[in-house]
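Thank you all for making time this morning. I would like to walk you through one model, and I will put the sequence and the structure on the screen before I say anything about them.

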Amino acid sequence: MDPRYEMVIGLEVHAQVNVKSKLFSASPTDFGAEPNAQANEIDMGMPGVLPVLNRDAVDAAIKLGLGIKARINRTSVFSRKNYFYPDLPKGYQISQFDLPIVEHGTLTIDLDDGSSKDIGVTRIHLEEDAGKSVHDFGDEKHSHVDLNRAGVPLVEIVSEPDIRTPEEAGAYMKKMRAIVRFLDVCDGNMEQGSMRCDANVSVRLKGQKEFGTRCEIKNLNSIRNVMRAIEFEANRQVAIIEHGGEIEQQTRLWDANKNETRAMRSKEDAHDYRYFPDPDLLPLKLTEERIEAAKSTMPELPDEMKERFIKEYTLSAYDASVLTLSRAGAHYFETLVAGTRDAKKCVNWMTVELFGALNKEGLDISDSPISPDHLGELVDLIEDATISGKIAKTVFEEMWSSGKAPKTIVEEKGLVQITDSSLLERIVDKLIEGNPENSEQFRSGNDRVLGWFVGQVMKETQGKANPQMVNEILRGRLRP
């Protein structure tokens, strides 16, 4: 983006709450059910029915509020947000407006350069989801409505406009997803729509205090798309301003295939929704005992775990933040390191080789074909010089595809490291004798030639030579 400008970004995250029934009815919330198989009279807005608030969804919102160090309001109110959509049978959505259940929190994000930044969270409120319009089913001339999602409980998490770059937005989404997963508030699955993001984006000249006119990009379904959409939208706004135009406040759609945002409608303000308290629901009042009870069930959260990893395993802040992005990842690491292995070496094998392979296959760490016990055994084989680091990568690939233990693979394929000094000396001597020009270059001060010799020894031994021994023998033989 034009370096004279800066972005001002606020995110609204909708997370589906992990509960068995809907926010105001007993209908189930399972993903993938037959259309309209999970909608009853309350979800369909039939006359004469009354909503009943889901207690578990309230407790989930309390935990999330505590997880971001926010204020839990002892009294909150549910309101009707009025608008018309084909997939909103009542003509209004039950949400929270001026008195939400959670306010004034903070989320600390970890950035790639090792620094961290606090992002304010304005509010978290409970609301019901709408249904889903289906346009790609049956006759092209007709659309259909699936109300399975109508009434599903959501927490909407609204940030302050503290985010300044797409990278910070990505870090915010990763951290928020980690927290909702640690707390089991939401599964964080953006591909299935259980976690979605709207991004509010504006631009302003650096040093300017006033915010620019913002546009909201709706329903972003991956962290990558959040970052791409923000980047495009900010550049679009700068281009308009630089050509003498003005930004129109809009709601915009993201087209991932064309890598662009496009206008959907003019952006509504709160007064357009004509909020008023829902007369069918009493104000929600929370006792100290209930908040303390929710707090007592909370696990160790990513920030706490990150600090413990830094102290207990002497890890860098970056490594600790990567490992604590998911509870499964943190548990994998603690099983792998087993209290005795070198933590940094374990981190390197996890974050480089294992995470790389998982990303390539689109797998979560809980689906890893390599168990922490097997990866730990591989680290042990390197540590006791049974195999070299180069051979270990070959063993890792075999572990990934076969699921076999590393010791079994090393024995079956004869991959034990060569540490016979007399054998290595004979190979080195033969190489030096056959390449006098290279030997002379090293003796003349060209240290890079040593790498060529090491490579030749590895080639001769099929990567099984102990690299430290090879280096020592070569330096001894080549020394003037």
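I will go through the sheet, then one helix with its two ends, and finally a pair of residues.

Please keep in mind that this is a predicted model, in which local features need pLDDT of at least 70 and side-chain atom pairs count only at pLDDT 80 or more, while totals for chains, interfaces and linings use all residues. Residues are numbered from 1 along each chain as its sequence is written, and side-chain values use heavy atoms, with hydrogens and water left out.

Let me begin with the sheet, which is open, has 9 strands in the order 2-6-7-10-1-11-12-13-14, and shows mixed pairing. Strand 2 (71–72) and strand 14 (260–266) stand at its edges with a single partner strand each, so one side of each has no neighbour in the sheet. Strands here are DSSP E runs of at least two residues, helices are H or I runs of at least four, and both are numbered from the N terminus; two strands pair if DSSP finds at least two bridges between them.

Within that order, strand 1 (residues 5–16) pairs with strand 10 (residues 153–159) in the antiparallel sense over 5 bridges, and V13 stands opposite I157 of strand 10. Strand 13 (residues 250–255) and strand 14 are also antiparallel, over 6 bridges, with S266 in strand 14 as the bridge partner of Q250. The hairpin that these two strands form has 4 residues between the strands, and there N259 takes a positive phi near 55°.

Now to helix 8 (residues 343–361), whose 19 residues reach 26 Å from the first C-alpha to the last, close to the 27 Å expected at 1.5 Å a residue, where the expected span is 1.5 Å times one less than the number of residues. At its N-terminal end D342 acts as a cap, with a side-chain oxygen 3.0 Å from the backbone nitrogen of K344, and just after the helix G362 takes a positive phi of about 65°. Among the buried residues of helix 8 are W349, M350, L354 and F355, buried meaning under 20% relative accessible area with a 1.4 Å probe, protein chains only.

What, finally, is the distance in space between A328 and S366? Although they are 38 residues apart in sequence, they lie 6.2 Å apart, C-alpha to C-alpha, and A328 itself lies in helix 7.

Terms used: Buried < 20%, exposed > 50% of the residue type's maximum accessible area, 1.4 Å probe, protein only. Polar contact = N/O pair within 3.5 Å; in protein donor to acceptor, adjacent residues only side chain to side chain.
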